[in-house]
Amino acid sequence: MLIRVGDTDFPLPRPPQVLEVGFGDGRFTAQLARLYPDWQILGVEISAGSVARALKRFRREGIGNVQVYHGEALFALRNLVAPHSLQRVYVNFPDPWPKAKHEHNRLLQQAFFRRLSTRLADGGELLLTTDHEQYWQFAQAEGRASGLFEVETPPPPEHHLTTKYALKWKEQGRRFYHAVFRKIAEDPNPWLPLPRYPMPHALMSGTLPELHSFEKNVVRFEGGTAVLLEATRTLGPEGGYYFHTHIEEEDLIQDVLLEARPSAHGLYVGISRFGAPLSTAGVRAAVEWLVGWLEGQGLRVVQRSY
Ligand SMILES: C[S@@+](CC[C@H](N)C(=O)[O-])C[C@H]1O[C@@H](n2cnc3c(N)ncnc32)[C@H](O)[C@@H]1O
């Protein structure tokens, strides 16, 4: 089952006890699901191609105890997983980001461990298997530095060495590294799910200006930034504009379309439903800025909903 995140999805209807981050082609997930039919497993993966392949596999193999979220692990952990609910988290062969300047992209760093500590049950653990010695050392250092995990490094269990990447690296004769991060304390911040708002919009009166250029604009708000990158005209007879907007806020990055278009009730300014955006503080800040900008172009607000 593929999860689409909407306001009703937290907590998940079938709360998971097990999370696998970056499941790739899903063969390890399928193996876990068969080994532990009583567990609910949540698989999180950012690659759309991998999600499609894994879902096909789960259907073909008749697996019913796996739910799949297509997106970022940090977001899923915070927004889909209930506090103290996970017994175990698997991370097999995470992207190593070997260059020092890319280290901030690594998954297993303190920000992740802090959120994880609030979602794991007492004594719950994260199991890491990798071929990358520096990443293995890095993750251990980050886990210990969080003060929330004790770390052991037994040899990797054989069944962890059957993933697509494990088989590839085995063929090349690489060494494997394993670490178990056991929760010993919890971050004082409960990392509540990101607040959501009703879709922000305004109705305005006046005539939309004919735009010949649009300058990129950065909107800062508490917890992030929204960048209105460019405007494009819609081709419908009524005319209107889409504003391509990139929003980064805690644990969530979204590319969304804001819109300003004539409607039966006046000029509608808000967020387009295209791409199923989540209505967050960042979206609200971007819409608010756009309405203010249109006011500066001579339009007037008739009704505001944010
Ligand atoms: C090197 S592959 C390993 C795949 C699989 N675990 C295996 O062992 O064959 C790393 C996987 O993690 C996924 N990934 C990387 N960062 C992620 C994140 N922040 N959240 C979810 N998935 C992520 C990638 O798309 C990729 O499929």
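## Exercises on a ligand site and annotated residues

A nitrogen atom of the ligand lies 3.1 Å from a polar backbone atom of A73. The protein covers 88% of the 590 Å² of accessible area that the ligand has on its own. The model used in these exercises is predicted.

### Exercise 1. The surroundings of the ligand

**Task.** Determine how many residues surround the ligand and which are the closest, and describe the shell by class.

**Solution.**

Step 1. Count the shell. The ligand is surrounded by 16 residues, and the closest are G22, E45, N92, F93 and T163.

Step 2. Sort the shell by class. It has 6 nonpolar, 6 polar and 4 charged residues.

Step 3. Identify contributing elements. Strand β3 (41–45) and helix α6 (164–171) each supply at least two residues of this shell.

Step 4. Examine atom pairs. A polar backbone atom of G22 is 2.8 Å from a nitrogen atom of the ligand. For E45, the pair involves the side chain: one of its N or O atoms is 2.4 Å from an oxygen atom of the ligand.

### Exercise 2. Two annotated positions, K99 and D131

**Task.** An unreviewed UniProt entry annotates K99 and D131 as "binding site". Locate K99 and D131, and decide whether D131 is buried or exposed.

**Solution.**

Step 1. Locate the residues. K99 is in the loop between β5 (86–92) and α4 (110–119), while D131 is in the loop between β6 (120–130) and α5 (133–145).

Step 2. Apply the cut-off. A residue is buried when its relative accessible area is under 20%. The value for D131 is 15%, and therefore D131 is buried.

Step 3. List the contacts of D131. Not counting residues up to four places away in sequence, D131 touches F93, W169, R174, R175, F176 and Y177. With W169 there is also a polar contact between the two side chains, at 3.4 Å.

### Exercise 3. Four further annotated positions

**Task.** The "binding site" annotation of the unreviewed UniProt entry also covers E20, E45, E72 and D95. State what their largest C-alpha distance is, and classify the accessibility of E72 and D95.

**Solution.**

Step 1. Compare sequence and space. The four positions are spread over 76 residues of sequence, yet they cluster in space, with a largest C-alpha distance of 14.1 Å.

Step 2. Consider E72. This residue lies in the loop between β4 and α3 (73–80). Its relative accessible area is 44%, so E72 is partly exposed. Not counting residues up to four places away in sequence, E72 touches V44 and I46.

Step 3. Consider D95. This residue is in the loop between β5 and α4. Exposed means over 50% relative accessible area; D95 has 52% and therefore counts as exposed.

### Exercise 4. Helix α1 and R57

**Task.** Name the buried residues of helix α1 and the elements that help to cover them. Then state where R57 lies and which residues R57 contacts.

**Solution.**

Step 1. Read along the helix. In α1 (residues 27–35), the buried residues are F28, T29, A30, Q31, L32 and A33.

Step 2. Find the cover. The elements covering the buried residues of α1 include β2 (18–21), β3, α2 (48–60), β4 (66–70) and β5.

Step 3. Turn to R57. This residue lies in helix α2. Its relative accessibility is 16%, so R57 counts as buried.

Step 4. List its contacts. Leaving aside neighbours within four places in sequence, R57 is in contact with D25, G26, R27 and A30. Among these, A30 is one of the buried residues of α1.

Definitions and conventions: Residues are numbered from 1 along each chain as its sequence is written. This is a predicted model: local features need pLDDT of at least 70, side-chain atom pairs count only at pLDDT 80 or more; totals for chains, interfaces and linings use all residues. Side-chain values use heavy atoms; hydrogens and water are left out. UniProt positions are given in the numbering used here, feature names are shortened, and annotations may be inferred rather than shown by experiment. Helices (H or I, at least four residues) and strands (E, at least two) are DSSP runs, numbered from the N terminus. Buried means under 20% relative accessible area, exposed over 50%, partly exposed in between (1.4 Å probe, protein chains only). Contact means heavy atoms within 4.5 Å. A polar contact is a pair of N or O atoms within 3.5 Å; within protein, one must be able to donate a hydrogen and the other to accept it, and residues adjacent in sequence count only if both atoms are side-chain atoms. A residue is near a molecule or strand if one of its heavy atoms lies within 4 Å of it. Accessible areas come from the Shrake-Rupley method with a 1.4 Å probe; for residues, only the protein chains shown count as cover. Ala, Val, Leu, Ile, Met, Phe, Trp, Tyr, Cys and Pro count as nonpolar, Asp, Glu, Lys and Arg as charged, and the others, Gly among them, as polar.
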